[in-house]
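Work through the three exercises below with the model open. Each task is followed by a solution in steps.

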Amino acid sequence: MLRMVPLPRFAGEERASRLERGNVPMIIPCDDALAALRQRGVASLPPTGIVLGSGLGSLADEAENTISVPYEDIPGFPVPTVSGHAGRLVVGEIEGRRVALFQGRGHYYERGDARAMAVALASFKRLGGEALFLTNAAGGLREEWRPPALVAITDHINYAGANPLIGLASDERFVPLVDAYDPPLRDRLRRAASEAGIDLQEGVYMWFSGPSFETPAEIRAAKLLGADLVGMSTVPEVILARLLGLKCLAVSVVTNFGAGLKGGNPSHEETKELALAGSANFKRLVRAFLTHHA
Ligand code: HPA
């Protein structure tokens, strides 16, 4: 498991080294990752990064003039254990705009590590990243959202109880999360969607740890608590990204109704199948966003 900074344990023990304020990207050490990337021809990254979730990775295969590095060659990057997640960093052009595509992600449920994406995101920041577009497959809690609807995330509820910043020995850990999903970027995405004639909903995403899907009772509880979507990713990445000072934008492809809702009984097969069915519209949305608004 990644250690960010040694923690002081009890009074009298040696204190953890103090971090300089304003040096937040250094909180997550990623020098080995940067060295590996440099060795493979990636000395800098474009300002826009996209994390491609379950069944959405094919966007990276459409990029042009690419450099591609498997996560397993980059120290600290998460080697995926989930089918539907390739595990490659692809730097290339989409609609003539250079982007960093994270083709697959690490999830909390894979190793019990909420920092699964910490080194990947810190490396993005250190090499020039400014804005992070996160994507995922999610269960929908609104009966009017027929899969594979596209939904821009406006806010989240951390129901998994884990947090990637636990254990960070610095006041930087108290990350504010008001407007974590950047309102100007959301505006631009909305405009891109409307110009491209794509139906884009908005809603609140609730993070469940997974890997089991929710029970119908949990879905009823999630609705009562104000969620519109449920899923097993994205939230720890947004928390890390905000620590790093990256702007966030996030979109879910609704692959199913939440468990018990309109007969919803999600499975990983259904998630992959419906994400694939939604991927054409999803890719049009990303392309429209990159063309006019990134
Ligand atoms: N729950 C959690 N994660 C998901 C779901 C769901 O219903 N669908 C796709 N990812």
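**Exercise 1.** Locate Ser170 in this predicted model and classify its exposure.

Solution. Start with the secondary structure: Ser170 sits in the loop that links β6 (150-158) to α5 (183-195). Next, count neighbours: 19 C-beta atoms lie inside 10 Å of Ser170. A buried residue needs 20 or more, and an exposed one has 12 or fewer. Ser170 is therefore partly exposed. As a distance check, take Leu244: the two residues are 74 apart in sequence, and their C-alpha atoms are 13 Å apart in space.

**Exercise 2.** Describe the strand pairing and the burial of β3 (residues 88-94).

Solution. Take the β2 side first. Strand β2 (residues 64-70) pairs with β3 in the antiparallel sense over five bridges, and Ser68 has Val90 in β3 as its bridge partner. Then take the β4 side. Strand β4 (residues 97-103) is also antiparallel to β3, with seven bridges joining them; here Leu89 stands opposite Phe102. The hairpin of β3 and β4 has two residues between the strands, and Glu95 takes a positive phi near 55° in this hairpin. Finally, check burial: five of the seven residues of β3 are buried, so the strand is mostly covered.

**Exercise 3.** Which strands supply at least two residues each of the shell around the ligand, and how do the shell residues divide by type?

Solution. The strands are β5 (131-140), β8 (229-231) and β9 (247-257). The largest share, three residues, comes from β5. Of the 14 residues around the ligand, those that come nearest are Ala137, Gly139, Gly231, Pro266 and Thr271. By type, the shell holds seven nonpolar residues, six polar and one charged.

Methods: Residues are numbered from 1 along each chain as its sequence is written. This is a predicted model: local features need pLDDT of at least 70, side-chain atom pairs count only at pLDDT 80 or more; totals for chains, interfaces and linings use all residues. Helices (H or I, at least four residues) and strands (E, at least two) are DSSP runs, numbered from the N terminus. A residue is near a molecule or strand if its C-beta atom, placed from the backbone, lies within 6 Å of it. Ala, Val, Leu, Ile, Met, Phe, Trp, Tyr, Cys and Pro count as nonpolar, Asp, Glu, Lys and Arg as charged, and the others, Gly among them, as polar. Two strands pair if DSSP finds at least two bridges between them.
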